[in-house]
Amino acid sequence: MKWTVVYLPECEQELANLWLDPVSRADIADAANRIDRLLQRNPDQVGESRDEEGQRIVFVAPLAVLFNVKQDDRLVEVIHVWAFG
């Protein structure tokens, strides 16, 4: 069963700002799509856990995503997106 992935409005804006760079636009789009697919399957197994309950981080070059996993709702809430490297 798939999980629902939602981006907080400020995260959508972070991703949009990164996508505006024409040099890295294709890489950003590819990484975002790969991250979405990973989070829809088994988000509690993706990336690394963080100190807070249900919070995880994943790196798919050139993006990094911090997210919360809400088991009871089968919901993944993306709370921060940034480029690295």
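Two strands are taken as paired if DSSP finds at least two bridges between them. Helices (H or I, at least four residues) and strands (E, at least two) are DSSP runs numbered from the N terminus. On these terms, tyrosine 7 has valine 78 in β5 as its bridge partner, and four bridges join β1 to β5, which run parallel. The model is predicted, so that local features need pLDDT of at least 70 and side-chain atom pairs count only at pLDDT 80 or more, whereas totals for chains, interfaces and linings use all residues. Residues are numbered from 1 along each chain as its sequence is written, and side-chain values use heavy atoms, with hydrogens and water left out.

The secondary structure of the chain consists of two helices and five strands, which follow one another from the N terminus as β-α-α-β-β-β-β. The five strands form an open sheet of mixed pairing, in the order β1-β5-β4-β3-β2. The edges are held by β1 (4-7) and β2 (48-49), each of which has a single partner strand, so one side of each is left without a neighbour in the sheet. Helix α1 (residues 9-19) packs on this sheet and touches β1, β4 and β5, its direction making about 35° with that of β5. Contact here means heavy atoms within 4.5 Å; axes are lines fitted to C-alpha atoms, for helices over the stretch in contact, and angles run from 0 to 180 degrees between N-to-C directions. Helix α2 (residues 25-41) lies across β1, β3 (55-60), β4 and β5, and runs at about 20° to β4.

Strands of a sheet pair through backbone hydrogen bonds, either parallel or antiparallel. Strand β4 (residues 63-70) and strand β5 (residues 75-83) are antiparallel and share eight bridges. Within this pair, leucine 66 has histidine 80 as its bridge partner, and lysine 70 is matched with leucine 75 as its bridge partner. The two strands form a hairpin with four residues between them. Arginine 74, in the loop between β4 and β5, has a phi near 50°, a positive value in a residue other than glycine. Most residues other than glycine have a negative phi, and most peptide bonds are trans. At 28% relative accessibility, arginine 74 counts as partly exposed; buried means under 20% relative accessible area, exposed over 50%, and partly exposed in between, with a 1.4 Å probe and protein chains only.

Strands β3 and β4 pair in the antiparallel sense over six bridges, with valine 58 opposite valine 65 in β4. These strands form a hairpin with two residues between them. Proline 62 lies in the loop between β3 and β4, and the peptide bond that leads to it from alanine 61 is cis, with omega near 5°. On the other side of the pairing order, two bridges join β2 to β3, which run antiparallel, and glutamate 48 stands opposite isoleucine 57 in β3. The hairpin of β2 and β3 has five residues between the strands, and glycine 54 in this hairpin takes a positive phi near 80°. Strand β3 is mostly covered, five of its six residues being buried.

In soluble globular proteins, nonpolar side chains tend to be buried together. A nonpolar core is a set of buried Ala, Val, Leu, Ile, Met, Phe, Trp, Tyr and Cys residues joined through side-chain atoms within 4.5 Å. The largest such core has 20 residues, of which Leu39, Leu63, Phe67, Val78 and Val81 touch the most other members. Two or more residues of this core come from each of β1, α1, α2, β3, β4 and β5, and the largest share, five residues, comes from α2. With residues up to four places away in sequence not counted, the contacts of phenylalanine 67 include Leu39, Pro43, Val46, Ile57, Val58, Val76, Val78 and Ile79.

Of the 85 residues of the chain, 35% count as buried. Among contacts between residues at least 6 apart in sequence, 48% join residues at least 24 apart. A compact globule of 85 residues would have a radius of gyration near 12 Å, and the chain agrees with this at 12 Å; the radius is taken over C-alpha atoms, and the globule rule is 2.2 Å times the number of residues to the power 0.38. Along the principal axes, the C-alpha atoms fill a box of roughly 40 × 25 × 20 Å.
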